[in-house]
Amino acid sequence: MKVAKFGGSSVASAAQFRKVADIVSSDIERRIVVVSAPGKRYKDDVKVTDLLIRLAEQVMAGEPYGQTVEAIVKRYADIVNELGLEAGHFLGELNDDLQSKISAYRHEPPRLLDAMKASGEDHNARLMALYLQDRGLEASYVSPLEAGIIVTDEPGNAQVLPESYDKLNQLRDRRGVLVIPGFFGYSLSGHIVTFPRGGSDITGSIVAAGVQADVYENFTDVDSIYCVNPSIVADARKLKEITYREMRELSYSGFSVFHDEALEPVYRAGIPVCVKNTNNPAAPGTWIVAKRNHIDEPVAGIASDTGFCSINISKYLMNREIGFGRRVLQILEDEGISYEHTPSGIDNMSIILRADQLAEGKEERILARIREELAVDEVTVEHGLALIMVVGEGMEKTIGMAAKATTALAKANINLEMINQGSSEVSMMFGVKEEVVNEAVRALYHAYFQELTVTQPS
Ligand SMILES: Nc1ncnc2c1ncn2[C@@H]1O[C@H](COP(=O)(O)OP(=O)(O)O)[C@@H](O)[C@H]1O
Ligand SMILES: N[C@@H](CC(=O)OP(=O)(O)O)C(=O)O
């Protein structure tokens with residue numbers, strides 16, 4: 001049995017719906033289909049999820065929102081009309097559902113936002129089931145509640161609860177193709193709760209693990225996962241295979257093609273993932289697996305992301321002060337902040353974190369507490385940082401990996417703000433200024449993938 005998830009770009013229009021139906025009908029093993037909300041049809045288009053977020057924000061701000069509702073309904077109406085579906089009731093129900101959720105939750109902003117966001121995938125799954133039926137397939141819509149996707153009650157940040165898996169397993173006994181909306185589940189108290197953005201990948205993975213699928217197919221708009229983001233390096237190398245742990249690091253660090261939190265359920269269940277192109281299903285795609293058959297080259301991929309900052313602390317004899325690091329991290333914990341890396345020296349410590357967490361006066365509060373409670377010599381915040389992750393199972397056993405990177409960056413005249421090597425067996429982290437990050441990624445791509453391979457130890 002296969003679980004096939006189709007991302008927003010794969011279900012953005014009637015033409016895309018036709019491709020999905022062709023793919024589903026071409027393999028009887030594709031028994032469970034998970035869909036996102038309609039995504040972008042062209043570069044500057046707006047995803048339905050973003051329209052729904054705008055709608056929730058307008059309601060919360062007491063602004064008029066009628067035009068946004070119309071724009072949302074029109075996205076689905078275009079698909080219905082172009083497919084020639086007799087589905088007049090569908091559009092009426094969509095409109096009624098949005099209005100009734102607005103009335104029910106207008107005084108509970110986090111619930112309203114989640115209910116709006118979830119409705120994008122929910123109605124798309126209903127529409128996909130109708131279309132598959134119209135194409136002569138035995139297909140039915142299954143809500144996450146009926147399927148058994150039970151999650152924590154953290155709006156916008158749900159995590160699956162373990163009891164979901166046994167319930168999901170019962171889907172194996174159902175007939176026909178089941179269409180499940182991605183991106184949300186239900187809390188134990190019966191509320192709709194969404195996963196983080198891009199979270200339909202997570203639904204697909206949970207369902208695949210629950211039904212013990214043979215494969216989790218993740219259909220998107222590229223032929224494969226490339227060793228660098230294709231928008232940074234055109235014609236980058238395609239990856240045939242990548243391991244769960246390589247993909248976890250790369251997706252966490254910027255390979256947005258597959259959500260990093262989507263790996264855990266399939267990894268634990270030992271289910272391979274195949275990332276494929278809805279627009280070119282004949283292409284073999286990329287397999288995410290436990291162990292790669294071929295590790296010809298030490299580096300599998302290079303990912304990058306912006307929006308980081310570094311809190312830099314120095315204090316003479318920091319090394320002698322037992323509990324110093326713990327007390328710094330406690331201050332961050334008190335403010336509900338998570339951090340990425342903590343490189344340190346004898347008298348220095350840096351904490352790298354996502355800069356958007358320092359809003360609403362948190363930066364000033366944290367710096368004041370570090371100064372007062374830890375009597376440091378200096379504490380500053382450096383903004384505008386980008387992190388680059390070089391990832392590969394073969395790196396640990398290969399000599400000269402860091403040297404290759406630093407030489408390449410020096411040749412490209414790029415200043416390295418920091419390096420973190422050693423805490424993970426499969427990755428090295430480099431920090432650079434945001435404005436040079438793409439140039440740095442291209443320099444590293446050239447060094448690791450276009451120059452001669454580095455020497456292997458004998
Ligand atoms: N290393 C990579 N390999 C392939 N695609 C990548 C990579 N890094 C980023 N991407 C981007 O991910 C996009 C697909 O992910 P996403 O937009 O979430 O698709 P979907 O609409 O299917 O959910 C690609 O179009 C590409 O721009
Ligand atoms: N529609 C949601 C969830 C999702 O996974 O979408 P996509 O498959 O388009 O990344 C979002 O935009 O976040």
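**Exercise 1. Positive phi outside glycine**

Task: Place Leu-317 in the predicted model, and decide whether Leu-317 is buried, partly exposed or exposed.

Solution:
- Start with the position. Leu-317 sits in the loop that runs between strand 12 and helix 11 (324-334).
- Check the backbone. The phi of Leu-317 is near 65°, a positive value, and the residue is not glycine.
- Now the accessibility. Leu-317 has a relative accessible area of 46%. Exposed would require over 50%, and buried under 20%. Leu-317 is therefore partly exposed.

Task: Treat Ala-375 likewise: which loop holds Ala-375, and what is its phi?

Solution:
- Ala-375 belongs to the loop between helix 12 (362-374) and strand 14 (378-391).
- Its phi is positive, near 45°, again in a residue other than glycine.
- Ala-375 counts as partly exposed because its relative accessibility is 49%.

**Exercise 2. The end of strand 12**

Task: Classify Ser-314 as buried or exposed, and list what Ser-314 touches.

Solution:
- Ser-314 is part of strand 12 (residues 301-314).
- Its relative accessibility is 19%. The cut-off for buried is under 20%, so Ser-314 counts as buried.
- Leaving aside residues up to four places away in sequence, Ser-314 touches Asp-347, Asn-348, Val-376, Asp-377 and Glu-378.

**Exercise 3. Helix 3**

Task: Test the length of helix 3 (residues 66-83) against the expected span, then find what covers its buried residues.

Solution:
- Helix 3 has 18 residues; at 1.5 Å a residue it should span 26 Å.
- The end C-alpha atoms are 26 Å apart, so the two values agree.
- The buried residues are Thr-68, Val-69, Ile-72, Val-73, Arg-75, Tyr-76, Ala-77, Ile-79, Val-80 and Leu-83.
- Their cover includes helix 1 (14-25), helix 2 (48-61), helix 4 (88-105) and helix 5 (109-134).
- After helix 3 comes Gly-84, with a positive phi near 65°.

**Exercise 4. Strand 5 and its partners**

Task: Work out how strand 5 (residues 177-181) is covered, and in which sense strand 2 and strand 5 pair.

Solution:
- Count first. In strand 5, 5 of 5 residues are buried.
- Recall the general pattern. Side chains in a regular strand alternate between the two faces of the sheet.
- Apply it here. Val-177, Val-179 and Pro-181 are on one side, Leu-178 and Ile-180 on the other, and both faces are covered.
- Strand 2 (residues 30-35) pairs with strand 5 in the parallel sense, over 4 bridges. Val-33 has Val-179 as its bridge partner in strand 5.
- Strand 3 (residues 139-141) also pairs with strand 5 in the parallel sense, over 3 bridges. Here Ala-139 stands opposite Val-177.

**Exercise 5. Two ligand sites**

Task: How many residues surround ligand 1, and how much of its area does the protein bury?

Solution:
- Ligand 1 is surrounded by 17 residues; the closest are Gly-8, Ser-9, Thr-220, Asp-221 and Tyr-226.
- Look at side-chain N or O atoms facing a ligand oxygen. Ser-9 gives a distance of 2.9 Å, Thr-220 gives 2.7 Å, and Asp-221 gives 2.8 Å.
- Taken alone, ligand 1 exposes 570 Å², and the protein buries 79% of that.

Task: Which polar atoms lie by the oxygen atoms of ligand 2?

Solution:
- The surrounding residues include Lys-5, Lys-47, Glu-121, Arg-197 and Gly-198.
- A polar side-chain atom of Lys-5 is 3.2 Å from a ligand oxygen; for Lys-47 the distance is 2.9 Å.
- Gly-198 uses a polar backbone atom, at 2.8 Å from an oxygen of ligand 2.
- On its own, ligand 2 has 340 Å² of accessible area, and the protein covers 89% of it.

Key:
Residues are numbered from 1 along each chain as its sequence is written. Chains are lettered from A and ligands numbered from 1 in the order in which they are written. This is a predicted model: local features need pLDDT of at least 70, side-chain atom pairs count only at pLDDT 80 or more; totals for chains, interfaces and linings use all residues. Side-chain values use heavy atoms; hydrogens and water are left out. Helices (H or I, at least four residues) and strands (E, at least two) are DSSP runs, numbered from the N terminus. The expected span of a helix is 1.5 Å times one less than its number of residues. Buried means under 20% relative accessible area, exposed over 50%, partly exposed in between (1.4 Å probe, protein chains only). Contact means heavy atoms within 4.5 Å. A residue is near a molecule or strand if one of its heavy atoms lies within 4 Å of it. A polar contact is a pair of N or O atoms within 3.5 Å; within protein, one must be able to donate a hydrogen and the other to accept it, and residues adjacent in sequence count only if both atoms are side-chain atoms. Accessible areas come from the Shrake-Rupley method with a 1.4 Å probe; for residues, only the protein chains shown count as cover. Two strands pair if DSSP finds at least two bridges between them.
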